[in-house]
Amino acid sequence: QVQLVESGGGLVQAGGSLRVSCADSGGTFSKHIMGWFRQAPGKEREFVAAIGWTGSVTSYADSVKGRFTISRDKAKNTVHLQMNSLKPEDTAVYYCAAATRPYTVVVDTRKVSDFGSWGQGTQVTVSS
């Protein structure tokens, strides 16, 4: 069964850091772009970051550029999102996702509809 499992969310003060991780239990998505999205209450799910299947190409939303870093451990089939200088507006449920098709281009893969497999989400809360 294909599974993406997130971990590492929690509560942090503004200016602090958190790292969320996503495990691809079956190694199914080793040739797929992996992404992180987030959804705050009452808002649509939005793109945060993506990383190519080789791990060398990344893409970020403007709102997190310079503060968040996405990385990929191919040996462990795991994707991480390191979040620094967190702001209260970063509060949301963070979702890991795998692109629907393999070998797509990172810069073109940022819409919710580009991703076909999703994790259950992990809550990140930033207090002011």
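How many residues lie between E4 and E5 in their hairpin, and which residue in the turn has a positive phi? Keep that in mind while you set up the view. You're looking at a predicted model, in which local features need pLDDT of at least 70, side-chain atom pairs count only at pLDDT 80 or more, and totals for chains, interfaces and linings use all residues. Residues are numbered from 1 along each chain as its sequence is written, and side-chain values use heavy atoms, with hydrogens and water left out.

**Stop 1: the hairpins**

Select strand E4 (34-39) and strand E5 (46-51). Strand labels here are DSSP runs of at least two residues, numbered from the N terminus (helices, H or I, would need at least four). The hairpin has 6 residues between E4 and E5, and the one to click in the turn is Gly42, with a positive phi of about 80°. The two strands run antiparallel and are joined by 5 bridges; strands count as paired if DSSP finds at least two bridges between them. For one such bridge, show Gly35 and its partner Ala50 in E5.

Now carry on to strand E6 (residues 58-60), which runs antiparallel to E5 and is joined to it by 3 bridges. Ile51 stands opposite Thr58 in E6. This hairpin also has 6 residues between its strands, and Gly55 takes a positive phi near 90°. Before leaving E5, colour it by accessibility: 5 of its 6 residues are buried. Buried means under 20% relative accessible area, exposed over 50%, and partly exposed in between (1.4 Å probe, protein chains only).

**Stop 2: the four-stranded sheet**

Next, select E1, E3, E8 and E7. They make an open sheet of 4 strands in the order E1-E3-E8-E7, with antiparallel pairing. Strand E1 (4-7) and E7 are the edges, each pairing on one side only. On average, neighbouring strands here are turned by 15° against each other, direction ignored (axes are lines fitted to C-alpha atoms, for helices over the stretch in contact, and angles run from 0 to 180 degrees between N-to-C directions). At the E1 edge, 4 bridges pair E1 with E3; try Val5, whose bridge partner in E3 is Ala23.

**Stop 3: two loop residues**

Asn77 is in the loop between E7 and E8. Its phi is near 50°, positive in a residue other than glycine, and it is partly exposed at 28% relative accessible area. Then jump to Ser85, in the loop between E8 and E9. Ser85 isn't a glycine either, yet has a positive phi of about 50°; at 41% relative accessibility it counts as partly exposed.

**Stop 4: the core**

Which members of the largest nonpolar core touch the most others? Show Met34, Trp36, Leu81, Met83 and Tyr94, out of 35 residues. A nonpolar core is a set of buried Ala, Val, Leu, Ile, Met, Phe, Trp, Tyr and Cys residues joined through side-chain atoms within 4.5 Å. E9 gives the most to this core, with 6 residues. Zoom in on Met83: leaving aside neighbours within four places in sequence, its contacts (heavy atoms within 4.5 Å) include Leu18, Val20, Phe68, Tyr94 and Val124.

**Stop 5: Thr109**

Finish in the loop between E9 and strand E10 (115-118), where you'll find Thr109. Is Thr109 buried or exposed? At 5% relative accessibility, Thr109 counts as buried. Beyond neighbours within four places in sequence, the residues in contact with Thr109 include Ile33, Phe47, Ala50 and Phe115. Finally, draw a distance from the backbone oxygen of Val105 to a polar atom of the Thr109 side chain: 2.8 Å.

Technical notes: Polar contact = N/O pair within 3.5 Å; in protein donor to acceptor, adjacent residues only side chain to side chain.
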